[in-house]
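Open the model in a viewer and keep the selection panel at hand. The stops below are meant to be taken in order.

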Amino acid sequence: MNLINFIEQFPDETSCKLKFKEMRDRVGVTCRHCGSQDHYWQQSIWMYECKKCKTRTTLRSGTVMQASKLPFRYWFIAIHLLTSTKKPFSSLELQRQLGHKYYEPIWYMMQKLRKTMGIRDGEYRLDKIVELDEGFFESVDTEKSDEEKQNKRKRGRGSQKQSKVIVMASTVHPLKAPEKHKKRTKFRYVKMIVVDDLKAVTIEQQVESNIEPVSLVKTDNYKSYSKIKNMVWVHQSETVKPKDVDKVLPWVHTMISNAKHTLLGIHHMISRKYFQDYLDEFCYKVNRRYFGEKLFDRLLLACTTYNYKDYIHVNR
Ligand SMILES: [Zn+2]
């Protein structure tokens, strides 16, 4: 959907609300009081009413927009920008474009949308041939002691730390023989998970929750990977010289460098605390690179499905 189509389709608040209701009705509304899914729609007050116990549910309640005071149109514009552009954009830029007075609510809206993307991708596991390696991304530690904060003021910049990220790329052998100088496998999907450390137990947890046991997993011979062979169909580990890394684990490294280029080019420095959310946005878009115009509806549908409570339970 280009900008002209978007403006034509959603010229005002009402058109956005009607579309949001249409998407929400596909998922269905559950009464928070009695759990019933049978509701009347009360158009005059824009609310659902439970057929059993008469409890009313607003259009936003139980969705990503719960507790948000921003207009539906702001959310629609943000979803449009997130799904129609390859590059990310900053909350500051969106605030400027919307002409909104405050930065914080816009930042929260963007974060909730990124989290929605992460939760959606979290429902899938990778399979086929999965390359796995770790990446290190520059990020800023915003959780500082008071002393550190004072030092920060003196120096005028945050202390830089690296976020450790487990990167997994699902690939497959192409039907046709690859052209010369092209990668031998075809890329399918990617996952990037921020972890506190690279201990074996941490990596095994991520393998278990993100990779199907029927997969073939390729890694270098780092010691933390030694038990993966017990968790998946085949584990191929190779000693990889730094110059050969692009041959043995080509897609993981392409994805790491693409993510760095994409994220750090726009956001410059991302807080460690929120790094996962930015990676989620990157992966969501890469994994749906062939969706085209359908992506808007898909993300909107996900927005009606998950709500803020889901985010708290995301276990990463
Ligand atoms: Zn009810």
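The tour goes through salt bridges and then a pocket.

This is a predicted model, in which local features need pLDDT of at least 70 and side-chain atom pairs count only at pLDDT 80 or more, while totals for chains, interfaces and linings use all residues. Residues are numbered from 1 along each chain as its sequence is written, and side-chain values use heavy atoms, with hydrogens and water left out.

**Salt bridges**

A salt bridge here is a side-chain nitrogen of Lys or Arg within 4 Å of a carboxyl oxygen of Asp or Glu. The structure has 13 salt bridges.

Select Glu 93 and Arg 96, whose side chains form a salt bridge with an N to O distance of 2.8 Å. Both residues belong to helix 4 (residues 91-98), where they are 3 residues apart, about one turn of the helix. Helices are DSSP runs (H or I, at least four residues), numbered from the N terminus. Glu 93 is partly exposed, at 28% relative accessible area, and Arg 96 is exposed, at 55%. Buried means under 20% relative accessible area, exposed over 50%, and partly exposed in between (1.4 Å probe, protein chains only).

Next, select Lys 115 and Asp 277, a salt bridge whose closest N and O atoms are 3.0 Å apart. This pair links distant parts of the chain, 162 residues apart: Lys 115 sits in helix 5 (residues 104-122) and Asp 277 in helix 10 (residues 275-287). Lys 115 is partly exposed, with a relative accessible area of 28%, whereas Asp 277 is buried, at 4%.

Then select Lys 243 and Asp 244, which meet in a salt bridge at 3.7 Å, N to O. Lys 243 is exposed, with a relative accessible area of 66%.

Now add Arg 114, Glu 281 and Lys 285, which are joined into one network by salt bridges that share partners.

**The second largest pocket**

Keep Lys 285 selected and add Lys 86, Phe 282, Val 286 and Arg 289; of the 22 residues that line the second largest pocket, these five are the closest to its centre. The second largest pocket has a volume of about 520 Å³. Which elements give two or more residues to its lining? They are helix 3 (72-84), helix 9 (250-267) and helix 10. Helix 9 gives the largest share, 6 residues.

Finally, colour the lining by residue class: 10 nonpolar, 7 polar and 5 charged. Ala, Val, Leu, Ile, Met, Phe, Trp, Tyr, Cys and Pro count as nonpolar, Asp, Glu, Lys and Arg as charged, and the others, Gly among them, as polar.

For the pocket itself, the search runs on a 1 Å grid over the protein atoms alone, and a pocket is an open set of points where a 1.4 Å probe fits, with protein on both sides within 12 Å along at least five of seven lines; lining residues have an atom within 4 Å of a point. The volume is the space filled by probe spheres set on the points, which are joined across faces, edges and corners.
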